[in-house]
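This report is meant to be read alongside the sequence and the coordinates. It goes through one site at a time, with the surroundings of each residue described where they are available.

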Amino acid sequence: MKSPILLEPVFQEKLWGGTRMRELFGYDIPSEHTGECWAISAHPNGDCKVRNPEYAGHTLSSLWREHRELFGHLEGEVFPLLIKIIDAKENLSIQVHPDDAYARTYENGALGKTECWYVLDCPENAAIIIGHNAESPEQLREMVEHREWTELLREVPIKKGSFFQIDPGCLHAIKAGTVILETQQSSDVTYRFYDYGRLENGQPRPLHIQQSLAVTKAPFLPWKEPPESWQKFDAEVTVLVRRPCYTVCRVNVDGHWENDWNRPFVNISVTAGEGLLDGISVCQGAHLLLPSGYGTMTLDGHLELICSYL
Ligand code: ZN
């Protein structure tokens, strides 16, 4: 039987980052301003080291290049997904991502970015920004020119366990105090649209207004796809979203669960609880990747997982 691939997370320090990842997951974070944990990543800006002794010296990107059999011989130059945890101690700037076609043309052949958020923790009465209230590209441009940010930006209330799909062209931002798990295409192309007029070392951070206006879709159409759930063994499986670039599901296990994923690979993040995954002890904050041909996975314990696959 194959083993799960265990990865070493890459932490990214950010001015807006905090310490919640240490408090919630016991991570050994590098500073009091840790904004992101790239937990399953083969992106050059944060390529996870592989911890399995049989693949000593490998990173996820070199495993993808040299051991494609672990990924069902999928095609493609880059491992396609990236799993992150984000701790926003401050409001993050409002941003938008291009789609594949725009990124390919204007960003050196990079992937576009489709992402989704699962809220791991947030204060009471918290909200995030998803989408905008302009009815056309012209109105969007006008509202931006007149700095009508409050009227333009669409705020949505959130609580622990809320889930949001964010397609390319959708304005979005996390607000202070929110910790999320993000599943995304492996891309780092972000256009900063609005930064609340803040200064960093006395200077405003660069904005990308022209690119943002070029890629932002107007009017904004909220994503409404009802989740699909079923019971199997002692678990409730919920498909949160299916998109061409990924499927993301949540699994709540209360006892025993087994599953043959039968996928080229599966990313698994333990977002709550603890248990045994084929004899390996896993707890809140663990991330692993099941390779192609893994077979039946068995899980015992009380856990919540967020899983993703192509
Ligand atoms: Zn984003």
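## A histidine in a short strand

Histidine 43 has its place in strand β4, which covers residues 42-43. The model is a predicted one, and in it histidine 43 counts as buried because its relative accessible area is 11%, which is below the 20% limit used for that class. When its neighbours within four places in sequence are left aside, histidine 43 is in contact with Trp38, Leu82, Ser186, Ser187 and Asp188.

## The zinc site

The zinc ion has its protein donors in His97 (NE2), Glu115 (OE), Glu115 (OE) and His172 (NE2), at 2.1 to 2.6 Å from the ion. Along the chain these donors follow the spacing H-x17-E-x56-H. Histidine 97 lies in the loop between β8 (94-96) and α3, whereas histidine 172 belongs to strand β13 (residues 172-173), so the pair ties together parts of the chain that are 75 residues apart in sequence.

The arrangement is irregular because the four donor atoms around the zinc ion subtend angles of 51 to 124 degrees, while a tetrahedral assignment would require all angles to lie between 85 and 135 degrees. Histidine 97 is buried at 1% relative accessibility, and histidine 172 is likewise buried, with a relative accessible area of 1%.

## The six-stranded sheet

An open sheet of six strands runs in the order β2-β3-β7-β14-β9-β12, and its pairing is antiparallel. The edge strands are β2 (10-18) and β12, each of which pairs on one side only. On average, and with direction ignored, neighbouring strands of this sheet are turned by 25 degrees against each other.

At one edge, β2 pairs with strand β3 (residues 34-40) in the antiparallel sense over five bridges, and glutamine 12 has glutamate 36 in β3 as its bridge partner. At the other edge, four bridges join the antiparallel strands β9 (residues 115-121) and β12, and tyrosine 118 has phenylalanine 163 in β12 as its bridge partner. In a regular strand the side chains alternate between the two faces of the sheet. Strand β12 (residues 163-166) is covered on both faces, with Phe163 and Gln165 buried on one side and Phe164 and Ile166 buried on the other.

## Salt bridges

The structure holds twelve salt bridges, and the ones described here differ in their setting. Side chains of opposite charge can pair when their charged atoms come close. Arginine 20 forms a salt bridge with glutamate 23, with the closest N and O atoms 2.9 Å apart. Both residues, arginine 20 and glutamate 23, lie in helix α1 (residues 20-25), where they are three residues apart, about one turn of the helix. Arginine 20 is partly exposed, with a relative accessible area of 25%, whereas glutamate 23 counts as exposed at 53%.

Lysine 113 and glutamate 182 also meet through their side chains in a salt bridge, at 3.7 Å from N to O. This pair links distant parts of the chain, since lysine 113 is in the loop between α3 (100-106) and β9 and glutamate 182 is in strand β14 (residues 178-185), 69 residues apart. Lysine 113 counts as buried at 4% relative accessibility, and glutamate 182 is buried with a relative accessible area of 3%.

A further salt bridge connects aspartate 195 and arginine 198, the closest N and O atoms being 2.8 Å apart. Here aspartate 195 is buried, with a relative accessible area of 5%, while arginine 198 counts as partly exposed at 26% relative accessibility. Salt bridges that share partners join Arg20, Glu23 and Asp121 into one network.

## Backbone features in loops

Proline 219 is found in the loop between α6 (209-215) and β18 (228-232), and the peptide bond leading to proline 219 from alanine 218 is cis, with omega near -5 degrees.

Tyrosine 196 has a positive phi of about 60 degrees although it is not a glycine. This tyrosine 196 is found in the loop between β15 (191-194) and β16 (199-200), and at 27% relative accessibility tyrosine 196 counts as partly exposed. Asparagine 262 likewise has a positive phi, near 55 degrees, in a residue other than glycine. The place of asparagine 262 is in the loop between β20 (246-260) and β21 (265-277), and asparagine 262 is exposed, with a relative accessible area of 68%.

Note on methods. Residues numbered from 1 in each chain as written. Predicted model: local features only at pLDDT ≥ 70, side-chain atom pairs only at ≥ 80, totals over all residues. Heavy atoms only, no water. Buried < 20%, exposed > 50% of the residue type's maximum accessible area, 1.4 Å probe, protein only. Helix = DSSP H or I, 4+ residues; strand = E, 2+ residues; numbered from the N terminus. Pairing = 2+ DSSP bridges. Contact = heavy atoms within 4.5 Å. Salt bridge = Lys/Arg side-chain N within 4 Å of Asp/Glu carboxyl O. Donors = N, O, S within 2.8 Å, 3.2 Å for Na, K, Ca; no water. Tetrahedral: all angles 85-135°; square planar, octahedral: opposite > 155°, others 65-115°. Axes fitted to C-alpha atoms, helices over the stretch in contact; angles between N-to-C directions.
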